[in-house]
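Trainee: Could you take me through one part of this protein slowly, as if I were seeing a structure like this for the first time? I would like to understand how one piece sits among its surroundings.

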Amino acid sequence: MGVNRNGKTLIAGLLLAVCATACSSDPEPQSPYVNAAEVCDGVFAGDLEKTVETVTGATSFERRAGGGMGDVVEEIQKGYASGRSWSPREELCEMAAKGSRSGEETTLAFHIYAPQDVNYPGNPEGAKRFSLGKEAVANVRSAGIYFECVSPRLDGSKNEPARIYGGLGKAQDRGDALENLMDNLHVVHSASLAVAEKLECEGNAGLPEKLDSGLRQLPPVSRSAETDS
């Protein structure tokens, strides 16, 4: 009996020792890096991780402090309440690839845009326009969506919707094939949808839940000194 009891005591002691290590309440130190599902407050978690990796040219990103979405919403509210036709840009996040130099980060940012920014004839050469929101524009290294938001969080927007622009900058240059431009647009659409939901925009500001390949392309805006080709 004595041996048996001692044996049980030994096993119990071993279990306690294991649990003291494994069941510790101290959290493991966070990795300084995150994957595409976690970057940018997790707005791409689901089915866009591969697209984010393609657009940024990275699979691992520096962990950056949160608060981006809260700051964006606050700046949009302030910008709209100011009554000015536009507001300064506020970054949602920097998608800094592991090992990249400062200033190379792919960014997502939002601001209130002026009415004349839509159908602007000065878009860079190679930019394509799409029927999404009020207008969407995509280029080799960038993409942007202009959309309007009516929300109880934006006083007066019922009569005058807030004009919001979401922009992706410094994407990896993968060539000017339409598929690459669409990938850029997919990333900014996902982030814009997340901002619209956070702002409680009616009907998600007219943005679809998902982009499909049949998104209608718009003709280039004619310039007064040129004719459309």
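Mentor: Happy to help; let us look closely at helix H3, and then at what lies around it.

Please keep in mind that this is a predicted model. To get our bearings, the protein has 4 helices and 9 strands. Starting at the N terminus, the elements come in the order α-β-α-β-α-β-β-β-β-β-β-α-β. The protein has 229 residues, and 40% of them count as buried. Among contacts with a separation of 6 or more, 64% join residues that are 24 or more positions apart.

Now to H3 itself. Helix H3 covers residues 68–81, which makes 14 residues. At 1.5 Å a residue, a helix of that length should span 20 Å, and the end C-alpha atoms of H3 are indeed 20 Å apart, so the expected and the computed value agree.

Which residues of H3 are buried? They are Gly 68, Met 69, Val 72, Val 73, Ile 76, Gly 79 and Tyr 80. Around the helix axis these residues cover an arc of only 130°, which puts them on the same side of H3. Here is a handy rule for reading such a list. An α-helix has 3.6 residues a turn, so residues three or four places apart point the same way.

What covers that buried side? The cover includes strand E3 (90–95), strand E4 (106–112), strand E8 (162–169) and helix H4 (178–198). After the helix comes Gly 83, with a positive phi near 85°.

Let us stay with helix H4 for a moment. H3 and H4 pack with their axes 10 Å apart, at an angle of about 65°. Angles of 65 to 115 degrees count as roughly perpendicular, and H3 and H4 are therefore described that way. Their crossing is right-handed. On the H3 side the contact is made by Met 69, Val 72 and Val 73, while H4 contributes Ala 194, Val 195 and Lys 198. You have met those three H3 residues already, since Met 69, Val 72 and Val 73 are also in the list of buried residues.

H4 has another helix packed against it, namely H2, which spans residues 49–56. The buried residues of H2 are Thr 51, Val 52, Val 55 and Thr 56. Seen down the axis of H2, they fall within an arc of 120°, so they line one face of the helix. That face packs against strand E2 (61–62), E3, E4, E8 and H4. If you compare this with the cover of H3, you will find E3, E4, E8 and H4 mentioned there as well. Just after H2 comes Gly 57, which takes a positive phi of about 70°.

How do H2 and H4 meet? They pack at an angle of about 120°, and their axes are 9 Å apart. H2 and H4 are therefore oblique to each other. The crossing of H2 and H4 is left-handed, whereas that of H3 and H4 is right-handed. In H2, the residues at the meeting point are Thr 51, Val 52, Thr 54 and Val 55. Their partners in H4 are Asp 183, Asn 184, His 186 and Val 187.

Strand E4 deserves a look too, as part of the cover of H3. Thr 107 is found in this strand. With a relative accessibility of 11%, Thr 107 counts as buried, because the cut-off for buried is under 20%. Leaving out residues up to four places away in sequence, Thr 107 touches Arg 89, Glu 91, Cys 93, Glu 94, Gly 167, Leu 168 and Gly 169.

Finally, here are two loop residues on either side of H4 in the sequence. Lys 170 lies in the loop between E8 and H4, and Glu 200 lies in the loop between H4 and strand E9 (217–218). Phi of Lys 170 is near 60°, a positive value in a residue other than glycine. Glu 200 likewise has a positive phi near 60° and is not a glycine. Lys 170 counts as partly exposed at 41% relative accessibility, and Glu 200 counts as partly exposed at 44%.

To put the picture back together: H3 has its buried residues on one side, with E3, E4, E8 and H4 among the elements that cover them.

Note on methods: Residues numbered from 1 in each chain as written. Predicted model: local features only at pLDDT ≥ 70, side-chain atom pairs only at ≥ 80, totals over all residues. Heavy atoms only, no water. Expected span 1.5 Å × (residues − 1). Buried < 20%, exposed > 50% of the residue type's maximum accessible area, 1.4 Å probe, protein only. Arc of directions from axis to C-beta. Contact = heavy atoms within 4.5 Å. Axes fitted to C-alpha atoms, helices over the stretch in contact; angles between N-to-C directions. Parallel < 35°, antiparallel > 145°, perpendicular 65-115°, else oblique. Left-handed = near helix turned anticlockwise from the far one by under 90°.
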